Amino acid sequence: MGGSSSSPVLTTPWKEIPWGNKDELLQYVKNFQPQNKEVKAVRVLLCGPVGAGKSSFINSVNSVLQGRMTHKALASSTTSDQSFTKYQTYKIKTEGRGNFYPFVFNDVMGLEDGDGRGVRTDDIKLALKGHVMDGYKFNPSASLSDGDPGYISSPSINDRVHVLVYIYSANASEMKLSVLQKIGEIREAAKELGIPQLLILTHIDEACGETEKNLRNIYRNKHLKKKMTDFRSSLRILKNHILLVKNYRHEIQLDPDVDTLILNALRLMIYFGGSYAKNSHVSVPVMRSGASSSPLENPWREISWENKDELLQYMKNFQPQNEEVKAIRVLLYSPVGAGKSSFINSVNNVLQGRMTNDALVSNIASDQSFTKKYQTYKIKKEKGNFYPFVFNDIMGLEEGDTRGVRTDDIKLAMKGHMKDGYKFNPSSPLSDGDPGYISSPSISDRVHVLVCIYSANASEMRSSVLQKMKEIREAASDLGIPQLAILTHIDAACRETETNIRNVYRSKYLKKKVSCR
C-alpha cells in the first residue's frame with residue numbers, strides 16, 4: 001500500500017467504510033427481522049478482558065439507535081441492578097411504545113489472567129449452547145452445572161447465542177498468555193457449534209493520535225493495521241471479521257462518523273447472527289479427526305493463485321454466445337445449511353470489490369425468506385447494468401418425503417417451468433395450471449448449469465438426502481445440463497487449509513472428501 005515510511009497514515013485504506021451513509025445503515029438495522037420465525041431476537045454475546053469496553057459498546061449502540069446520548073443502563077431482562085458479574089440480557093427500545101429491536105446483547109463477567117479469576121471458559125461454552133439462565137451470577141471458582149438454579153436443561157433456539165463478538169481495547173498492552181488461551185478455547189467451542197465470530201477493537205482514538213484527529217483515517221492508520229494483523233494472527237480470526245469502533249463515553253453529542261462505525265459493526269453482527277439463527281435447527285457439523293494432517297507434497301489440482309485479475313476480467317468480459325439467452329442461469333441446490341446463500345454473497349463481494357454484506361438484488365419484490373421461494377439473484381455491474389449470469393436459490397434438501405424442496409420441483413425448475421417467486425410446498429410439487437407454473441418456458445427460463453453445494457465439514461450425508469441428489473443428478477444428465485459440485489466450509493474442515501488457503505488442493509482430508517462424493 002501507499003504512504004511514505006515516515007507517515008503514520010497509509011494512502012489507501014485496507015477496508016472501505018461507507019462514510020456519509022449513516023442513514024442507510026440505520027435503516028438496515030430498523031428494518032432487520034430474523035428470518036427464522038422461531039427466533040424472537042438474535043442473541044449477541046460480548047466477550048473480552050475486563051475494561052475492554054463491552055458495556056460501553058452496548059450503551060453506544062443504544063445512544064445511536066435512540067438518536068441521542070442516553071448515558072444510562074439499557075433495559076435488562078432481569079429486574080436486578082446488580083453488576084456485570086451476572087449473565088444479563090440487554091434489549092434496546094424501538095420508536096414504538098414498549099417495542100424492542102429483534103436483537104439482544106449478553107454481557108458477561110470479563111476474562112482475567114489466572115484460573116480462579118474472571119468468567120470461566122466453561123460458563124461461556126454453556127452460554128453459547130443456551131444453558132445459562134438470564135441473571136445467573138458467575139462464580140470464578142466453579143462452573144455452572146446441570147441442576148444448578150441458573151442452568152437451563154433444555155434450551156430453546158432463543159436461549160442460544162447466534163453470534164459471538166470479542167471486544168478488545170486497541171490501547172491495551174499485549175494480551176496475557178492465559179487470557180489468549182482462554183479466548184482460543186472459546187473460539188474453538190464456537191467454531192464447533194458453527195457460531196459466527198467477530199472481533200471489535202475499541203478505544204481506537206486513545207491508541208492513535210491520528211485517528212483521534214480525524215476518525216476517517218481509522219482504516220488508513222499503520223499502527224491500527226498492525227494491531228489488527230497481530231490479533232488476526234494470534235486469534236486466527238478472518239481479517240474481514242475484525243472491526244474498529246469508537247465507543248461513546250464522555251461525549252454530550254452524537255457524531256455521524258462515530259455512529260457510522262458503530263452501525264457498520266452492528267449490521268454485520270445481526271446479519272451474521274440472523275444467518276446462523278436461520279439454519280440453527282440443523283445439527284452442527286463437527287470437525288473430523290482426519291482433518292489435521294500434513295499436506296501433500298504436490299497439489300492434486302493446480303490453481304492460478306496469482307491470476308485473480310485475469311479471472312476477474314474474464315467475468316467482466318463474459319457474454320452468452322446464444323443471443324436469445326439474456327443471462328446464464330445457475331441453479332444451486334444442497335442440503336440445508338451447506339452455504340448456498342453465502343456462496344452467492346461471496347461472489348457478489350468479489351465482483352463488487354468490497355465486503356457488501358447485503359442481500360443481493362432479487363427479481364421479486366418480497367421480504368420473505370429465500371428458503372421458501374424460488375428466487376433469482378443478479379449481480380450489479382458498473383453503471384446500473386447486471387452481469388449476464390444469474391443464480392437461482394431454492395429451499396434446501398431435507399431428510400424425509402415432506403420436508404425441504406421436492407425433487408420434482410427441481411426437475412421442473414431445470415426445464416424452466418418454475419416462475420420466479422414460486423413458493424415451495426414440501427407436501428405437494430408444482431403442477432401445470434398452478435400460478436407459479438410456466439407452460440411454455442423460453443430458453444432463458446431454463447437452467448443452464450446445475451451446481452451442488454455441500455459442506456466439507458458436514459457429517460455423513462443421510463441416505464434419503466443422497467437418494468434425492470442422485471435423482472436430481474440423473475434428471476439433469478437426461479436433459480444434458482452440465483453439473484458441478486462445490487465443497488464449502490473448507491477452512492472449518494481442515495486446519496491446514498484454515499492456516500493457509502493455498503493448501504486447499506494439497507489437503508489429504510479434502511482430497512478424501514472429494515473422492516467420497
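How many of the 8 residues of β4 are buried? In the predicted model, 7 of them are, so β4 is largely enclosed by the rest of the structure. The strand spans residues 100-107 and is taken here as the starting point for a description of the chain.

The chain holds 15 helices and 13 strands. Of its 517 residues, 49% are buried. The accessible surface amounts to about 25600 Å², and carbon and sulfur atoms contribute 47% of that area. Among contacts with a separation of 6 or more, 69% are between residues 24 or more positions apart.

Strand β4 is paired with two other strands. With β1 (42-47) it pairs in the parallel sense, over 5 bridges. Leu-46 stands opposite Asp-107 of β4. With β3 (88-93) the pairing is antiparallel, again over 5 bridges. Here Val-104 of β4 is the bridge partner of Lys-91. Lys-91 also lies over the face of Phe-100, at 4.5 Å from the ring centre. A second lysine is placed over a ring elsewhere in the chain: the charged end of Lys-381 sits over Tyr-387, 5.2 Å from the centre of the ring.

Aromatic pairs were searched for across the whole structure, and 13 were found. In one of them, Phe-57 and Phe-105 meet edge-to-face, with 6.1 Å from centre to centre and 85° between the planes. This pair links distant parts of the chain, since Phe-57 belongs to helix α2 (residues 54-66) and Phe-105 to strand β4, 48 residues apart. Phe-57 and Phe-105 are both buried. Another edge-to-face pair is formed by Tyr-87 and Phe-138, at 6.3 Å centre to centre and with 90° between the planes. It too links distant parts of the chain: Tyr-87 is in the loop between β2 (75-76) and β3, Phe-138 is in the loop between α3 (121-129) and β5 (163-169), and the two are 51 residues apart. Tyr-87 and Phe-138 are likewise both buried. Ring pairs also join Phe-57, Tyr-101, Phe-103 and Phe-105 into a cluster.

Phe-103 and Phe-105 appear again in the nonpolar interior. In soluble globular proteins, nonpolar side chains tend to be buried together. The largest nonpolar core in the model has 86 residues, and the members that touch the most others are Leu-65, Phe-103, Phe-105 and Leu-128. Helix α8 (residues 256-278) gives the most to this core, with 12 residues. With neighbours within four places in sequence left aside, Phe-103 is in contact with Val-29, Phe-32, Ala-41, Val-42, Leu-65, Ile-92, Leu-266 and Ile-270. A separate core of 28 residues lies apart from the largest one and includes Tyr-422, Val-447, Met-461 and Met-469.

Helix α8 also holds Asp-259. Is this residue buried or exposed? At 0% relative accessibility, Asp-259 counts as buried, the cut-off being under 20%. Outside its neighbours within four places in sequence, Asp-259 is in contact with Lys-22, Val-64, Tyr-248 and Leu-254.

In helix α3, the buried residues are Thr-121, Asp-123, Ile-124, Leu-126, Ala-127 and Leu-128. The elements that cover them include β1, β5 and α4 (177-193). Leu-128 of this helix is one of the residues with the most contacts to other members of the largest core. After α3 comes Gly-130, which has a positive phi, near 90°.

A further strand, β8 (residues 328-333), is mostly covered, with 5 of its 6 residues buried. Strand β8 pairs with β11 (residues 386-393) in the parallel sense over 4 bridges, and Phe-391 in β11 is the bridge partner of Val-330. Strand β12 (residues 449-455) also runs parallel to β8 and is joined to it by 4 bridges. In this pairing, Leu-450 of β12 is the bridge partner of Leu-331.

Methods
Residues numbered from 1 in each chain as written. Predicted model: local features only at pLDDT ≥ 70, side-chain atom pairs only at ≥ 80, totals over all residues. Heavy atoms only, no water. Phe/Tyr/Trp six-rings, centres within 6.5 Å; stacked < 30°, edge-to-face > 60°. Buried < 20%, exposed > 50% of the residue type's maximum accessible area, 1.4 Å probe, protein only. Lys NZ or Arg CZ within 6 Å of the ring centre and 35° of its normal. Core = buried A, V, L, I, M, F, W, Y, C linked by side-chain atoms within 4.5 Å. Contact = heavy atoms within 4.5 Å. Areas by Shrake-Rupley, 256 points an atom, 1.4 Å probe, with all protein chains shown as cover. Pairing = 2+ DSSP bridges.
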